[in-house]
Amino acid sequence: MTKHNPLTAYYYDQYDKQPQNYPGIQKNMNPVPDCGEESYLGSEKLKGKKALVTGGDSGIGRAAAIAYGKEGADVAINYIQDEKEDAEEVKSIIEKTGQKCVLIPGDLRNRKFPKQLVQEAQNKLGGLDIVVLNAGIQQYEYDIQNLSEDNLRDTFEVNVFSGIATIQESLQYLKEGSSIIITSSIQGFKPSAHLVDYAMTKSCNISLTKSLAAQLGEKGIRVNSVAPGPIWTPLQISGGQPQDNIPDFGKNQPLQRAGQPVELAEVYVLLASDSASYITGQVYGVTGGAPIN
């Protein structure tokens, strides 16, 4: 049996500096992140379920959406219009599995959009069982005096406020056995100096996970969170990190490399599945070894 060495199982060399404008296009990255397009193999763990994934065009959200399709779920993906090309790729991959994929473009900074998003996902999928709140804004800034009010508001609008609005609307449709999964971050536990606003929103995500799990437990709805460490996604090269940080991105972790989005897919599948029937209010760290508690 071939050993799966976590140090070398995925890309572990240096990355090239490669600036892109926010939100970044995954297909233009080098190397292109592995989101499970070929590497993820499903086994019908989510057969018959209906899932909504925000930020499902690239990175971690893309990996979750692809895994859900390969596990037998129909999937609705939210993205912003600039990411259409990446989103169309995801749709094609999911449809090749025989599952339905609905693309719903829209900007989560628009206070009215989350309600529209959930309603459209529910209508086009014919139900809703899984809600993954993954979309996020991350823009680095080392000096808090240069942190603009507009950037601060945008980060909180997408990372916090839109998630709450999406949950509020989703609860009109989610029934017993449903699952809400929030993408938080190691930044919610170990904030970096250059990610002040982003780290604050991720602390909010973690608190929301625990509060909401306590509130919705009696309704049979589970709420959990995934806290990634350094993962190779468009978020990083489109302003999430300074370009000087890109070559050695992730190499300071115990596993000495950045993670690939597909390495989180199984966690999103577990938390969405009936196998996690006694798991709620938890934060799962996928960090390459950095502790979250």
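## Salt bridges

Lys124 has 39% relative accessibility and so counts as partly exposed. In this predicted model, the side chain of Lys124 meets that of Glu120 in a salt bridge, at 2.7 Å from N to O. Both residues sit in helix 3 (residues 113-125), 4 residues apart, which is about one turn of the helix. Glu120 is partly exposed too, at 27% relative accessibility. Side chains of opposite charge can pair when their charged atoms come close, and the count of salt bridges here comes to 14.

For a contact that spans far more of the sequence, look at Glu266 and Lys45, whose side chains form a salt bridge at 3.4 Å, N to O. That one links distant parts of the chain: Glu266 belongs to helix 7 (residues 262-272), Lys45 to the segment before strand 1, and the two positions lie 221 residues apart in numbering. Glu266 has a relative accessible area of 41% and is partly exposed; Lys45, with 40%, is partly exposed as well.

Then there's Arg257, which pairs with Glu263 at 2.8 Å, N to O. Here the Arg257 end is buried, with a relative accessible area of just 6%, while Glu263 is partly exposed at 27%. Elsewhere, Glu37, Arg62 and Glu89 are joined into one network by salt bridges that share partners.

## Strand 1 and its neighbours

Strand 1 (residues 50-54) is largely enclosed by the rest of the structure, because 5 of its 5 residues are buried. In a regular strand the side chains alternate between the two faces of the sheet. In strand 1, Lys50, Leu52 and Thr54 point one way, Ala51 and Val53 point the other way, and all of them are buried.

Strand 1 has strand 2 (residues 74-79) as a parallel partner, over 5 bridges, with Lys50 standing opposite Asp74. To get from strand 1 to strand 2 the chain passes through helix 1 (residues 59-70), and this β-α-β crossover is right-handed. Strand 1 also runs parallel to strand 4 (residues 130-133), joined to it by 3 bridges; in that pairing Leu52 stands opposite Val131.

## Aromatic pairs

A pair of aromatic rings is described by the distance of the centres and the angle of the planes. The model has 5 aromatic pairs. In one of them, Tyr15 and Trp232 have ring centres 3.8 Å apart and planes at 20 degrees, so the pair is stacked. Tyr15 comes from the segment before strand 1 and Trp232 from the loop between strand 6 (222-228) and helix 6 (234-240), so this contact ties together parts that are 217 residues apart in sequence. Both ends are tucked away: Tyr15 is buried at 4% relative accessible area, and Trp232 is buried at 0%.

Trp232 also pairs with Phe249, this time tilted, at 6.4 Å centre to centre with 50 degrees between the planes. Phe249 lies in the loop between helix 6 and helix 7, so the pair ties together parts 17 residues apart in sequence. Phe249 is buried as well, at 8% relative accessibility. Add Tyr11, and you have one aromatic cluster of Tyr11, Tyr15, Trp232 and Phe249.

## A nonpolar patch on the surface

Back on the outside, Ile144, Leu152, Val196 and Met200 form a nonpolar patch, with about 310 Å² of accessible area together. One of these, Leu152, sits in helix 4 (residues 149-170) and counts as partly exposed at 30% relative accessibility.

Key
Residues are numbered from 1 along each chain as its sequence is written. This is a predicted model: local features need pLDDT of at least 70, side-chain atom pairs count only at pLDDT 80 or more; totals for chains, interfaces and linings use all residues. Side-chain values use heavy atoms; hydrogens and water are left out. Patches are made of residues with over 30% relative accessible area and no salt bridge: like charges are joined within 9 Å, nonpolar side chains (Val, Leu, Ile, Met, Phe, Trp, Tyr) within 5 Å. Accessible areas come from the Shrake-Rupley method with a 1.4 Å probe; for residues, only the protein chains shown count as cover. A salt bridge is a side-chain nitrogen of Lys or Arg within 4 Å of a carboxyl oxygen of Asp or Glu. Buried means under 20% relative accessible area, exposed over 50%, partly exposed in between (1.4 Å probe, protein chains only). Two strands pair if DSSP finds at least two bridges between them. A crossover is right-handed if, with the strands pointing away from the viewer, the path from the first strand over the helix to the second runs clockwise. Rings of Phe, Tyr and Trp (its six-membered ring) pair if their centres lie within 6.5 Å; planes under 30 degrees apart count as stacked, over 60 as edge-to-face and the rest as tilted.
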